[in-house]
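Student: I would like to learn how to read the features of a model with several chains, beginning with the places where the chains meet. Could you take me through them one by one?

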Amino acid sequence: MNYTSIHDIDNISAWIEEAKTLKANPLKHIQLGKNKVLGLLFFNSSLRTRLSTQKAALNLGMNPIVMNVSGDAWGIEFGDGTVMNGTTAEHIKEAAAVVSQYCDIIAVRAFPSLIDKEKDESEHVLKSFAKYASVPIVNMESATGHPLQGLTDAITISEHAKVAKPKVVLSWAPHIKALPHAVGNSFVQAMQKMDVEFVIANPKGYNLNPEITGDTPIYHNQEEAFKDADFVYTKNWSSYEDYGKVVNTDPNWMITKEKLGNAKFMHCLPVRRNVVVEDAVLDTDSSLVIEQANNRTYAAQLVLKKILENA
Amino acid sequence: MNYTSIHDIDNISAWIEEAKTLKANPLKHIQLGKNKVLGLLFFNSSLRTRLSTQKAALNLGMNPIVMNVSGDAWGIEFGDGTVMNGTTAEHIKEAAAVVSQYCDIIAVRAFPSLIDKEKDESEHVLKSFAKYASVPIVNMESATGHPLQGLTDAITISEHAKVAKPKVVLSWAPHIKALPHAVGNSFVQAMQKMDVEFVIANPKGYNLNPEITGDTPIYHNQEEAFKDADFVYTKNWSSYEDYGKVVNTDPNWMITKEKLGNAKFMHCLPVRRNVVVEDAVLDTDSSLVIEQANNRTYAAQLVLKKILENA
Amino acid sequence: MNYTSIHDIDNISAWIEEAKTLKANPLKHIQLGKNKVLGLLFFNSSLRTRLSTQKAALNLGMNPIVMNVSGDAWGIEFGDGTVMNGTTAEHIKEAAAVVSQYCDIIAVRAFPSLIDKEKDESEHVLKSFAKYASVPIVNMESATGHPLQGLTDAITISEHAKVAKPKVVLSWAPHIKALPHAVGNSFVQAMQKMDVEFVIANPKGYNLNPEITGDTPIYHNQEEAFKDADFVYTKNWSSYEDYGKVVNTDPNWMITKEKLGNAKFMHCLPVRRNVVVEDAVLDTDSSLVIEQANNRTYAAQLVLKKILENA
């Protein structure tokens, strides 16, 4: 069993309930992962994912081993049939098979280029690990998805919902840098599986991949989208159409206390204050961001537990 | 309970005795930290602190998780109300609160700029962690203090004292680079709490912060200060008055076997040989530097034990 | 007991048998290393060694602590009597003695310069650790040897040999970069201790150090050397005579399926595909490279076990 996308969740309600049970008693399964190794391979920076996934492994009695691939090891080649006389020193075929000799589960973080859409959408890093590893693979954020975050967000919404079918808005917000679509994509996929009223708000030119958003309503008017919202999940992403470009930094899309009203504010973090969202939101009870970070542990722990039980 | 400064030691004699007890039986409390996580966050390089603090955590049964903040994660913003459209991607308010979700204790190393005296003295990194974290904070060397080192040095002096009230000299020594005042400051504060005759020797222009040195006698004549010394603790620091500047590299202040006489030589390490101190000192029994390094484990272990017991 | 070279193996047959026993039951000795720390110090990149040595330590119940010396700590000085007013901040005399305070065994990786032959052959990094540390030292690849790899290769050949005295060829292969001789040297030394027919194939100008190759036959004709081979161990190295230079990149020396015949292909990895060896070799059962990587764990575990038992 791999966990590479929200689609790997067969029954999101059941997963959420099990995650809550883990959260209530995190050390209950500390024998499950005894003498097992979780390898965490980072091609990119990480704070929450790095720490929460290690914490999740420790809660299950596993030994986490962390490696920053670029700095600690060798440049990895992903091409098929390549004559490797350039900068890459090791092929993914060997790298994935070798790491599988030492780890019982391999977790991988590999961001997109945001330059080559086709290559990013092929998920060549994650899929190559899944293809050539002989042990289960966990996605710690890939080019197009961040399913540990999406699961976390589903858990958090379930915990804080005050009505049977809450209204959830995913809102784009401005940012100075070109960011990936992964968090947005996985959040959309998670919400589509949940019993919520779900809409997206983003400026023109910022629609996410239509194959992912599907029938989900998209508003280009933020105020209209936010009407009667219970949860406003905020995230910047670069343009998908004009791939990887920053085509709008309109500060009017920043989340304010006033816009938010009684809705709860959510964000995967890190968040740029007073660019994406104003201090007045983050520094009050309207914000769920710290609780989201906390739930990262239990989302990861649930995924690792399911993999260990399937082994 | 935080451990951010020597002032957090309520009774240094009692702490020293307890540290000696731990040293005699380091694994006695291995159940105390079971299933607890110590997060070690490094904004700067470290060898002794990195290894000894992990060792201390392991001796208490804790799981240490190490993160090099700059390389592994995101640039952290410390300003209040900042519009974060620059190079920092995550605010300390979130970073500290988030790391608190995964760690039971957070240890932080953050050196000073040695450029902006006021900012350094505000201890904005350490104090921000203490303010925004929801778990205890341990100082692994901040802008103005290195209290794990200061406690270590107090333990080492207590172990090697041959008279009831030994004479201890803190001597400045030359160095080619501008170094922080942290080790000097914490050593001064530790000695002021102990029953020792304590004096400082440094060239003119190199007095430490007078609010810290207080009534401690300061000699500008090294020979005079060293008279009848039992311990000579040596350290370079940059000018405090002419903040962060190297205003003197007089090789006559290097510690030699001849100057030292029967006194024991101490240094926190790393030490530049034949610049700060000559080989003839380090390569003989006059030197306590390796035993100091050993005691780093027990100083850290004592601090972690006290925090765990207070939790 | 140190493990710095293949010469530290007293009886290679007995070691191989014991390694196979460990492999059959890797967790049998999990109490042996309990509460002991293995320090892994990397001056250079590593994937297999980094992960397999940690895995080996965990299998023995040890706590591994990893440090990238250059990035995490201070520049280390190896010269005797040096006035340290340059870029190095800590002398190996202190560094090795200090790390010995926190670790029960120290494993070190330090590649050669490939510029200064005499300095590389002096093994100043590894030997300085062995001299100044107060705990056992393990070589995780030094300037002139990689004995954990050599032991691994001996185990792998023993496992896959189909005749009493197999023919083993060490073949040089082309590469675009100047590589060390360490893997080649340790493989030669391991084979010289085993009951195999052992020959070396390399182009003129690429003979390894004659003090190491000794009586082992060296062919400059690859085809002739490969005749009736059971195992072809492939590795690039730079010239030893014209020290550290790439004097030949003749693609005719690349290993092909055709050349290999019925022999098994071996390589320490990482390997550049279609430069050192063609895909058609690696992607079939002719290749033992992944099993070699697996055996790295048991070679390291055997060495650590012997050291722990000797302590």
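Tutor: Let us begin with the interface of chain C and chain A, to which chain C contributes 31 residues and chain A contributes 28 residues. Please keep in mind throughout that this is a predicted model.

Student: How much area is buried between chain C and chain A, and what share of it do carbon and sulfur atoms give?

Tutor: The area buried between these two chains is about 2700 Å², and carbon and sulfur atoms give 60% of it. On the side of chain C, L47(C), L51(C) and R273(C) supply 23% of the area buried against chain A, which is more than any other three residues supply.

Student: And what do chain B and chain A bury between them?

Tutor: Here 28 residues come from chain B and 31 residues from chain A, and the two chains bury about 2700 Å² between them, with 61% of it on carbon and sulfur atoms. In chain B, the residues that lose the most area to chain A are W74(B), E94(B) and Y102(B), which together account for 25% of what that side buries.

Student: What turn and what shift lay chain C on chain A?

Tutor: A turn of 120° with a shift of 0.0 Å along the axis lays chain C on chain A, with an RMSD of 0.0 Å. That is the relation of a three-fold axis. For chain B, a rotation of 120° with 0.0 Å of shift along its axis gives the superposition on chain A, again with an RMSD of 0.0 Å.

Student: Let us turn to helix packing. By what are two packed helices described?

Tutor: Two quantities describe such a pair, namely the angle between the axes and the distance between them. In chain B, helix α2 (residues 48-59) packs with helix α13 (residues 289-310) at an angle of about 50°, and their axes are 8 Å apart. The two helices α2(B) and α13(B) are therefore oblique to each other, and α2(B) passes α13(B) in a right-handed crossing. Among the residues that make the contact are R48(B), S52(B), K55(B) and A56(B) of α2(B), together with A293(B), R296(B), Q301(B) and L304(B) of α13(B). By character, the residues of this contact divide into six nonpolar, six polar and three charged.

Student: At what angle do helix α4 and helix α6 of chain C cross?

Tutor: Helix α4 (residues 92-102) of chain C and helix α6 (residues 124-132) of chain C cross at roughly 60°, and their axes come within 8 Å. With angles from 65 to 115 degrees counted as roughly perpendicular, α4(C) and α6(C) are therefore oblique to each other. Their crossing is right-handed. In the contact, I92(C), K93(C), A96(C) and A97(C) of α4(C) meet S128(C), F129(C) and Y132(C) of α6(C), a set that divides into five nonpolar, one polar and one charged.

Student: Finally, which sign of phi do most residues other than glycine have, and are most peptide bonds cis or trans?

Tutor: Most residues other than glycine have a negative phi, and most peptide bonds are trans. In this model, phi of N35(A) is near 65°, a positive value in a residue other than glycine, and N35(A) lies in the loop between α1 (12-24) and β1 (37-42) of chain A. As for the peptide bonds, a cis bond with omega of about 0° joins L269(B) and P270(B), and P270(B) is in the loop between β11 (264-266) and α12 (279-282) of chain B. A cis peptide bond with omega of about 0° also joins L269(C) and P270(C), where P270(C) has its place in the loop between β11 (264-266) and α12 (279-282) of chain C.

Definitions and conventions: Residues numbered from 1 in each chain as written. Chains lettered and ligands numbered in written order. Predicted model: local features only at pLDDT ≥ 70, side-chain atom pairs only at ≥ 80, totals over all residues. Heavy atoms only, no water. Axes fitted to C-alpha atoms, helices over the stretch in contact; angles between N-to-C directions. Helix = DSSP H or I, 4+ residues; strand = E, 2+ residues; numbered from the N terminus. Parallel < 35°, antiparallel > 145°, perpendicular 65-115°, else oblique. Left-handed = near helix turned anticlockwise from the far one by under 90°. Contact = heavy atoms within 4.5 Å. Nonpolar A, V, L, I, M, F, W, Y, C, P; charged D, E, K, R; others polar. Least-squares fit on C-alpha atoms with pLDDT ≥ 70 in both. Buried area = accessible area lost by both parts, 1.4 Å probe.
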